[in-house]
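Me: I would like to go through the terms used for this model one by one, with each value set against its definition.

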Amino acid sequence: MANQKEVLRGIRVLDFTWSVSGSTTARILGALGAEVIKVEWPKNPDFMRFSMYAKGDKPGLDNGAFFNNLNAGKKSLTLNVKSERGMEIVHQLLKKSDIVLENFSAGVFEKWGLDYDTLEKISPGIIYMSISGLGHTGRKKMYGTWGPTAAGLNGMTFISGLPETQPAGWGYSVMDVVAGYTGAFSVITALFHKKQTGKGQYIDISQVEAGLHLTGANLLDFTANKRSSKRPGFPPGNRAITSKEHPEDNYRGKVGCPHNSYRCKGGGDNDWCTIAVFSDEEWTSLKNAMGNPEWAHHQKYDTFEGRLTHQDEMDRNIEAFTISRNKYEVMELLQSHGVTCAAVQMNEDLMEKDPQLKARKLFERLNHSILGERNFVGIPIKMSETQPYIHKSAPLMGEDTEYVLSEILGYSEEEIKELDDDGVLWPLDMPKDQFKEVRSLW
């Protein structure tokens, strides 16, 4: 894709982010053509560098699978920002950057002397984006969060799971990703504003607020009906309606019965399919797909009300059918009869079996200097003129330090060596050869 048009070509991003949310923002901007320089320090690295190694990979600073996916397309500058010389270099880079990103807790950047007013004086027109749990204003701004705790605070966790049980949560740090995409959208909007006015701005994103819309209609339900989420039969789990005893519409879309997840052949954690029937005609189609078993022709199942009343028994009978078949067989069979059905897919299914994702070319193949050729998740956006793509694999720690200092800032070889000898570019007591024993130092 070397000749692909890049909508953010010529834009430089100074990236102080870590973990998932801010790294996601920077990753998207890089895929759109921006030059992203990730500022790191080996003794206090982004802990994603130690997260989720691929099977068979020896742990190290440069081969964490999660880090390499999150930071694909970026450059790495190692710099001791707590030193006077290190902060001088930060100021010099700010003058040559369009955007600065960070997702520390509120107040950290200010302690560095890099509040927005100062950033604007150093680099007039700069766009500064911060992501934190509850934003940089308000009485709770100092509260720290992770994606899962942000999901708990904004109500997402409470509406998840099965009825009469503790909330299940969403199973992944979804608020980190949502906040990251919100950040990318906001930065691009600020760039558009700057193009029109010449003025930069400060973008303050709260993870908690970024996910409020994902609570679905619950806020509207409370506003309009004064109905609390804390009630019997809620959440309804995989069902549209929990039971005959709790027949209320929970605002999840069309109401159907049967409406559930069912075990399929294999019986493992990955062997499930979902089935949803929204009319009596679709119920007839499901019976036909199952071979018209005797139990399904009992008149108690002929109406929605009857199926709802006998939902537990009906689900057990449906699962007796699905358990004898592969989840994809069930999906294809039922869909061919016009019944809504899908295989429940896990990572390996998405990467290796999903023909739609292959057709859409979501996964990109990149070569990493240590890991070799691997799959990376691309950007799930298709654009006819400026298609985003991952420009390169994630950087080794500090692999672009010399480029940044010499090519961008104009430092000589002698000046760079002096900085290195003084411990500004790399800890003096830490070896550079494949970063041995880095875990103990971290």
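Me: Which helices and strand each supply at least two residues of the lining of the largest pocket?
Reply: They are helix H1 (21-31), helix H2 (65-70), helix H7 (174-197), helix H14 (347-352) and strand S11 (372-377), where helices (H or I, at least four residues) and strands (E, at least two) are DSSP runs numbered from the N terminus. This is a predicted model, in which local features need pLDDT of at least 70, side-chain atom pairs count only at pLDDT 80 or more, and totals for chains, interfaces and linings use all residues. Residues are numbered from 1 along each chain as its sequence is written, and side-chain values use heavy atoms, without hydrogens and water.

Me: What makes 22 residues of that lining nonpolar?
Reply: Ala, Val, Leu, Ile, Met, Phe, Trp, Tyr, Cys and Pro count as nonpolar, Asp, Glu, Lys and Arg as charged, and the others, Gly among them, as polar; by these classes the lining of the largest pocket has 22 nonpolar, seven polar and six charged residues.

Me: How do you know that strand S5 (residues 127-132) and S6 pair?
Reply: Two strands pair if DSSP finds at least two bridges between them, and S5 and S6 are joined in the parallel sense over five bridges, so the criterion of at least two is met. Ser130, for instance, has Asp204 in S6 as its bridge partner.

Me: Why is one side of S6 left without a neighbour in the sheet?
Reply: Six strands form an open sheet in the order S3-S2-S1-S4-S5-S6, with parallel pairing; strand S3 (75-78) and strand S6 (202-206) stand at its edges, and because each has a single partner strand, one side of each has no neighbour there.
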